[in-house]
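Colleague: I'd like to take a close look at one part of this protein, where helices sit against each other, before I go back to the bench. Please walk me through it slowly, and then show me how the rest of the chain relates to it.

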Amino acid sequence: MSWQPGQVDDLQQILTLLRQSQSPDTQVQRQVQARLESLNQYPDFNKYLVYILTKLFDEQEATRSLSGLILKNNAKSHYEKFPDEVRSYIKQECLSALGDRSPLIRATVGILITTIVTKGTLEQWPALLEHLYSCLDSPDVNLCEGAFGALQKICEDSADQLENAQSQPLNVLIPKFIQFFLHSHSKIRSHAIACVNEFITPRATALMTNIDVFLENLFQLANDTDSDVRKHVCRALVMLVEVRIERLIPHMQQIIEYMLLTSQDGDDAVALEACEFWLMIADQPICRDVLQPYLDKLLPILCKNMKYSEIDVIILQGDIDDDEHIPDRIEDIRPRFHRARTRQHIPNLLDNDDSTSQLNNVTDTNNNSTTAATPPNSQSDQHLQDDDEEDDDDDEATGTNADQATEWNLRKCSAAALDILSNVFRESILPILLPILREMLFHNNWQIKESGILVLGAIAEGCSYGLTPHLPDLVDYLIKCLNDQKPLVRSITCWTLSRYSTWIVHNEVEQNKFLIPLMSELLKRILDANKKVQEAACSAFATLEEEACVQMVPYLKQILETLVHAFRKYQAKNLLILYDAIGTLADSVGSHLNHSDYIELLMPPLIERWNILRNDDKDLFPLLECLSSIATALQTGFLPYCEPVFVRCIVLVQQTLEANGPNAQLDKDFMIVALDLLSGLAEGLSSHIDSLVERSNLLSLLERCAQDPMAEVRQSSFALLGDLTKACFHHVRKHLNFFLPLLTQNLNPHHVSVCNNAIWAIGEIAVQIGAEIQPFVSIILESLILIVNRNNTPKTLLENTAITIGRLGLVCPTDVSSQLARFIRPWCVALRNIRDNDEKDSAFRGICNMIVLNPLGVTNDFIYVCDAIASWEKPPVELHAKFRDILHSFKQEFGNEQWKQLTDRFPLPLKQRLQIHYGV
């Protein structure tokens, strides 16, 4: 006989708690939560929960569902500790309740089932799939729908298990799912497609075998009356573009016409799925050929989709002009995560050619791009993946809040699609777009005008050449729009102008005609009464700072006065962006900031904030990042503020290392940001930091940080080690027997930034200790040769690797020269595009030493050596002499005839450069 509650009182007590937990009173909720937690010590508590979920048909649905969700959370936390009879009872009751008359209870049961599966394996519940499969043919629609709901969740959460299970369940399930595409109930059709869709991207064998019948049935659902079904159809076609486009090509004309229609669907969720198609097809080689005939239909649809709806305007409070006095709610402030510091020997000649930023500036089109706040060498924000994205269906809120303004939506997807398509078709789309733009930009409806400004921003990169003749008028128009009465127009205008900052700053003909008015108007918008405009203006100004660099110097006083005034105006969220704008300004103008008037303006509000914030307040992250940039820029100008900042950083590192408990991992961001500020101090103050290091236990702490299991901590530790090596090496020297073996253990390019910073630090240490590094050279060199020869190695890592190889050759030429043939070609390619400076000089002096010792090592790749030599604009005298000697000795060794044959294959500019500068 099945289990029954032993005590009616116990059941009633739990029911009372479940009902009370739905109280709006947070105090009551906390008390109930604590009581429910305490009941977990009773083994039968989870039986009561499943009993309430599956058996109490007269109880309110919300209470029953809540009971199931609490059980789901318990199972997620400690299912493996449940007694066997409790597990069996839960499984049994879940299967018996699949056909409950309530959709909410069926959905909750499905969530519970998939949680149990993910906590173990399908093999541990052998009856599950067979039972669910048999329920699909039930004449009871509720049972069929409940089973399908559970299967959909299992497919979402355990696709790998299903694909790799020994019993190969997908061979049976996928054909079954496809049969149900044409079921009379829309909910079942929707579940069936959603189940199959989970196996498109992983290219499950069972689906690929049935691909033709899948497509045939899918196409029959194209015009389904149910919006969920149409959404899943669009999603399937989008994934198939990536996975099996050859199967779609025969039907591409009909698919494009369908997507054009569906991109205008009355249901925004369907239109969004359809719009993803244009993003996906744009990445395919066939894009230009298949879309060209449809651009005149597609582009107007994308433009129309970029308009805010009335609901969007309400959510964004777009009609509220003055809100700067309203404090930000905690939930409106996105969590800040610090990006650890990445070190680079040398700036690259091509760093301004940001060819990878195609989409990243379009995706935040409600609150406008904050890309300007990202340091050029920062790593992608790995921390952002840490959010617990599970249980989307468990805890869905039905309300609408400001977060919806920042999520991926039809407007953003359409803007991103227009951006990427403008990069495919370039100015050829302008004859279609310009008339649309003209109408939008001068429309009486402000929402249409606003979306026209967004369109102009979206095509800024792809159509830059074709737009150039129109830019004087367009930029003039946009600068006027910064004073529009609607805040959402002002904010999007800030973003769009930032997209044209390259032209505005580098337009030689009318340079000051636009740069100065734009700077002036953006500074006014930074002090706007609307918080969204403040945010957009700050972000746009940071982009302008990066582009203009020292051109900002004559206006520093006005800029700093504005930014300092903003400190007194801004609420919490925009303060974070203000820090970014100040840090970017410091990075852009460098030592020009080291002026007593500027320091007296800038530092007091920052130090005031510094003193207010506690050591455990995450608002410290952006402030410390900002101070790091300022310390580097001010150099000795930062000395009056140096000691308290240094001491606090030491405290932050020490307290993080000493922290225990489950949250210790999260707290490591405080340590990372402190290490990076210490790097900024070392870089800016150089030898002036010596006495602070001497009076501290920094090197001992750094030894512990450099061994941390968290990659970002090691990344920042090695950056600081390199900076201290340059600033006060005699303190580092005492710890080299510890650090050098550790650095050699961190040369794994799997952790790009850790590896990069370790290599950089080794190069700095090698220059300081010279031949003393010899015992470590062979093991270091082996790793560096592997990295420099790897495919798809990031540019910064390649350059740092090549520089450090050169520096090792400078101090231990005999050891390194024997390996020349293994790295000379990629070495030359890596360093040909970097600017002349001391690091490049030391690396090339090292390579010259090695070539003299082992000329045969470069014979097969001599053209690359010549090309790298010719990349120097003005080599130092000593290096120029080494280059000349090497070239002449090779010419002599080859003989005139062979030398002529060799150099005849050189490109003409290379031949001319070698002849002019080195006489060969």
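Modeller: Happy to! Let's start with helix H45, which passes H46 in a left-handed crossing. Please keep in mind that this is a predicted model. H45 covers residues 820–831, and its axis comes within 12 Å of the axis of H46, crossing at roughly 150°. Angles over 145 degrees count as roughly antiparallel, so H45 is roughly antiparallel to H46. If you want to find the contact on your screen, look on the H45 side for Leu820, Phe823, Ile824, Trp827 and Leu831. They meet Lys840, Ala843, Phe844, Ile847, Met850 and Ile851 of H46. By class, this contact holds 10 nonpolar residues, no polar ones and one charged residue. The charged one is Lys840, because Lys belongs to the charged class.

Now stay with H46, residues 838–853, and turn to another partner, helix H48, residues 877–894. Here the axes come within 10 Å and cross at roughly 30°. An angle under 35 degrees counts as roughly parallel, so H46 is roughly parallel to H48. This crossing, too, is left-handed. On the H46 side, the residues making the contact are Asp841, Phe844, Arg845, Cys848, Asn849, Ile851 and Val852. H48 brings Glu878, Leu879, Lys882, Phe883, Ile886 and Phe890. The mix at this contact is eight nonpolar, one polar and four charged residues. The polar one is Asn849, because Asn falls in neither the nonpolar nor the charged class. Asp841, Arg845, Glu878 and Lys882 are the charged ones, because Asp, Arg, Glu and Lys are the residues of that class. Two H46 residues deserve a second glance. Phe844 and Ile851 take part in the contact with H45, and Phe844 and Ile851 also take part in the contact with H48.

For another helix pair, move back along the chain to H30, residues 556–569, and H31, residues 572–589. Their axes are 10 Å apart and pack at an angle of about 160°. That makes H30 roughly antiparallel to H31. H30 passes H31 in a left-handed crossing. From H30 come Leu556, Ile559, Leu560, Leu563, Ala566 and Phe567, and from H31 come Leu575, Leu578, Tyr579, Ile582, Leu585 and Val589. This contact has 12 nonpolar residues, with no polar and no charged ones. H30 also carries His565, which counts as partly exposed at 32% relative accessibility. The C-alpha atom of His565 lies 9.5 Å from that of Pro605, 40 residues away along the chain.

A little further on, the loop between helix H32 and H33 holds Leu613, which counts as buried at 7% relative accessibility. Beyond its neighbours within four places in sequence, Leu613 is in contact with Asp619, Leu620, Leu623 and Arg648. The loop between helix H33 and helix H34 holds Gln635, which has a positive phi, near 55°. Most residues other than glycine have a negative phi. Gln635 is partly exposed, at 37% relative accessibility. Arg426 also has a positive phi, of about 55°, without being a glycine. You will find Arg426 in the loop between helix H21 and helix H22, and Arg426 is partly exposed, with a relative accessible area of 35%.

To finish, let's step back to the inside of the protein. The largest nonpolar core has 320 residues, and those touching the most other members are Phe214, Trp278, Phe638, Leu681 and Ile773. Helix H35, residues 664–685, gives this core its largest share, 11 residues. Take Phe214 as a case to inspect: among the residues it touches, more than four places away in sequence, are Ile178, Phe181, Val196, Ala236 and Leu240. Cys234 is worth a visit as well. Cys234 sits in helix H14, residues 227–243, and counts as buried at 0% relative accessibility. Tyr258, Met259, Thr262, Val270, Glu273 and Ala274 are its contacts beyond four places in sequence. If you were wondering about Cys275, 41 residues along the chain from Cys234, the C-alpha atoms of the two are separated by 8.9 Å.

Terms used. Residues are numbered from 1 along each chain as its sequence is written. This is a predicted model: local features need pLDDT of at least 70, side-chain atom pairs count only at pLDDT 80 or more; totals for chains, interfaces and linings use all residues. Side-chain values use heavy atoms; hydrogens and water are left out. A nonpolar core is a set of buried Ala, Val, Leu, Ile, Met, Phe, Trp, Tyr and Cys residues joined through side-chain atoms within 4.5 Å. Buried means under 20% relative accessible area, exposed over 50%, partly exposed in between (1.4 Å probe, protein chains only). Helices (H or I, at least four residues) and strands (E, at least two) are DSSP runs, numbered from the N terminus. Contact means heavy atoms within 4.5 Å. Axes are lines fitted to C-alpha atoms, for helices over the stretch in contact, and angles run from 0 to 180 degrees between N-to-C directions. Angles under 35 degrees count as roughly parallel, over 145 as roughly antiparallel, 65 to 115 as roughly perpendicular and the rest as oblique. A crossing is left-handed if the near helix is turned anticlockwise from the far one by less than a right angle, and right-handed if clockwise.
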